[in-house]
Amino acid sequence: MSPFHHLLANNLVANITNFTVWFALTFWTFLETRSVFATGMIAGIYLVLTAMLGIWFGSLVDHHGKRNMMLVSSLASLAFYAAVLGGYALDPDIRAANIASVTFWLFILLTMLGVIVGNIRMIALPTLVTLLVPEDRRDRANGLVGMVSGIGFLTTSAISGFLVAWGGMVATLIFAIILAIAAAVDLLFIGVDEPREAGEPDTPRRVDLVGTLRVVLAIPGLIALILFAAFNNLLGGVFMALMDAYGLSLMKVEEWGLLWAVISCAFILSGMVIARTGLGANPVRTLLLVNLIAWTVAVFFTIQSSILLLTIGCFIWMFLGPYAEAAEQTTLQKVVPFERQGRVFGFAQSVEQAASPLTAFLIAPITQFVFVPLMTDGAGAAAIGDWYGRGPERGIAIVFSIAGLLGVLATLAAFGSKSYRRISAAYADSAGSGAAAASAT
């Protein structure tokens with residue numbers, strides 16, 4: 001097994017560990033509290049901390065061995081999960097999911113920190129693709145990364161639902177601790193030759209925001225690409241805040257977990273297709289096309305209270321997700337110098353996630369206190385309730401449709417923008433330079 005494929009397998013274990021905790025925490029909180037507000041806050045905490053820490057994580061990846069930082073990520077997750085398991089055992093307010101308790105929210109915060117330090121791996125892995133995979137195969141390698149993420153989602157979705165139903169957060173945290181130990185030990189047996197680049201010998205080993213901004217702004221259209229992804233995440237915060245509440249309103253937690261396991265097969269299928277066919281000559285165009293399809297689906301997949309519609313819509317979303325992720329990563333790997341990629345990937349993660357917390361924090365209370373009453377016994381229920389349906393779940397559903405419509409309009413605007421043409425040209429120029437250098441050698 002090559003180091004790249006070994007790292008992929010190790011990352012799969014870490015993804016299962018961290019996302020099982022995240023899913024299970026959301027499921028458990030909603031089932032214990034029946035509060036859309038509480039689940040929205042969990043999504044908001046994740047997004048705020050991701051936005052705050054992304055640039056720092058990127059600096060750590062650039063300034064230290066990438067494999068070593070992945071090891072640090074697993075050990076940090078292990079420490080957080082062990083700490084919150086102790087807190088759960090000692091505090092009755094946590095066990096009762098008392099949303100008025102400070103210790104309950106501290107439990108949520110520390111648990112999510114255990115998940116979020118896993119983002120160090122998310123930044124390190126695409127830089128290792130640049131290091132370990134030939135340039136003409138990176139889009140396919142990024143497809144394999146998406147496929148591994150899909151396998152993780154499939155496994156996570158099934159595991160988290162059953163863990164919550166069987167043993168709540170205790171079973172979930174014990175499971176996570178065991179897997180975090182396994183991932184950390186396995187990394188000790190992966191050797192990666194990581195030569196230091198000669199281009200930045202005097203760069204200070206700290207967060208270099210100014211230098212990173214200089215690199216991003218020097219590449220035509222790159223900042224627009226990142227801002228477009230940020231806007232997508234602004235709308236995507238709606239899905240993070242409300243999806244579990246919507247699904248659990250239609251089915252039991254075990255069924256919801258199994259449904260996500262089935263839907264996540266789309267991630268695997270998508271990754272296999274990308275690994276075989278690539279992303280085409282212009283990954284930026286691919287990124288916008290898949291966004292246009294995804295947002296169109298979002299307009300309609302909750303139009304009725306239908307598990308079938310929900311399944312089809314989420315399957316399409318899952319299938320297109322790796323295309324969007326691989327397209328952005330392939331573009332950055334092509335146009336950003338290797339020695340800066342950790343910081344640029346971290347900067348992109350911070351900026352792209354910075355918008356989502358606003359949505360996640362606002363949309364949960366707005367949905368609960370505006371749209372749910374609107375579609376239960378308010379003007380919305382009176383106007384369209386006969387065919388659209390009435391009740392809290394219909395209030396959540398209409399928010400998805402509004403977000404999807406806004407996403408369609410934003411993507412159409414991006415297609416017609418000058419920035420789209422500039423980043424496409426920058427990618428083509430880099431590809432041409434790379435081909436010329438290869439032929440010269």
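How many salt bridges does the count come to in this structure? The count comes to two, and we will meet both of them on the way. Please keep in mind from the start that this is a predicted model.

Let us begin with the overall picture. The secondary structure of the chain consists of 17 helices and zero strands. Of the 441 residues in the chain, 57% are buried. The accessible surface of the chain comes to about 17,600 Å², and carbon and sulfur atoms account for 69% of that surface. There is also something to say about how the chain meets itself: among contacts with a separation of 6 or more, 86% are between residues 24 or more positions apart.

A good place to start walking is helix α1, which covers residues 3-33. At 1.5 Å a residue, its 31 residues should span 45 Å, and the C-alpha atoms at its ends are indeed 45 Å apart, so expectation and model agree. Is α1 out in the open or enclosed by the rest of the structure? Because 25 of its 31 residues are buried, α1 is largely enclosed by the rest of the structure. Just after this helix comes Arg 34, which takes a positive phi of about 55°.

Further along, Ala 97 has a positive phi too, of about 50°, although Ala 97 is not a glycine. You can find Ala 97 in the loop between α4 (92-95) and α5 (102-116). With a relative accessibility of 6%, Ala 97 counts as buried because the cut-off for that word is under 20%.

Now turn to the surface. Ile 181, Val 185, Leu 188 and Phe 189 form a nonpolar patch there, and together they have about 420 Å² of accessible area. Leu 188 belongs to the loop between α7 (138-187) and α8 (209-218). Its relative accessibility is 53%, so Leu 188 counts as exposed, the cut-off being over 50%.

From here, let us go to helix α12, residues 283-300, where Val 297 lies. Val 297 has 15% relative accessibility and therefore counts as buried. Which residues does Val 297 contact, leaving aside neighbours within four places in sequence? They are Gly 313, Ile 316 and Trp 317. Another pairing to look for is Val 297 with Leu 405: they are 108 residues apart along the chain, and their C-alpha atoms are separated by 9.5 Å.

Helix α14, residues 341-376, offers a similar stop at Ala 348. The relative accessibility of Ala 348 is 3%, so this residue counts as buried. Beyond its neighbours within four places in sequence, Ala 348 is in contact with Ile 226 and Glu 328. Ala 348 can also be paired with Ile 55, which is 293 residues away in sequence and 8.2 Å away in space, C-alpha to C-alpha.

Val 351 is found in helix α14 as well. Not counting residues up to four places away in sequence, Val 351 touches Ile 226, Leu 227 and Ala 230. Ile 226 is thus a contact of both Ala 348 and Val 351. The C-alpha atom of Val 351 is separated by 9.9 Å from that of Ile 223, a residue 128 positions apart from Val 351 along the chain.

We can now return to the opening question. Side chains of opposite charge can pair when their charged atoms come close. One such pair is Asp 386 and Arg 390, a salt bridge in which the closest N and O atoms are 2.8 Å apart. At 72% relative accessibility, Asp 386 counts as exposed, while Arg 390, at 46%, counts as partly exposed. The other pair is Arg 394 and Glu 393, with the closest N and O atoms 2.7 Å apart. Are Arg 394 and Glu 393 buried or exposed? Both Arg 394 and Glu 393 are buried.

Finally, a word on cysteines. A disulfide is a covalent bond between the sulfur atoms of two cysteines. How many disulfides does a search of the whole structure find? The search finds zero. Two cysteines can still be placed by their accessibility: Cys 265 counts as partly exposed, at 36%, whereas Cys 314 is buried, with a relative accessible area of 3%.

Definitions and conventions: Residues numbered from 1 in each chain as written. Predicted model: local features only at pLDDT ≥ 70, side-chain atom pairs only at ≥ 80, totals over all residues. Heavy atoms only, no water. Disulfide = S-S within 2.5 Å. Buried < 20%, exposed > 50% of the residue type's maximum accessible area, 1.4 Å probe, protein only. Helix = DSSP H or I, 4+ residues; strand = E, 2+ residues; numbered from the N terminus. Contact = heavy atoms within 4.5 Å. Areas by Shrake-Rupley, 256 points an atom, 1.4 Å probe, with all protein chains shown as cover. Patch = residues over 30% accessible without salt bridge, like charges linked within 9 Å, V, L, I, M, F, W, Y side chains within 5 Å. Salt bridge = Lys/Arg side-chain N within 4 Å of Asp/Glu carboxyl O. Expected span 1.5 Å × (residues − 1).
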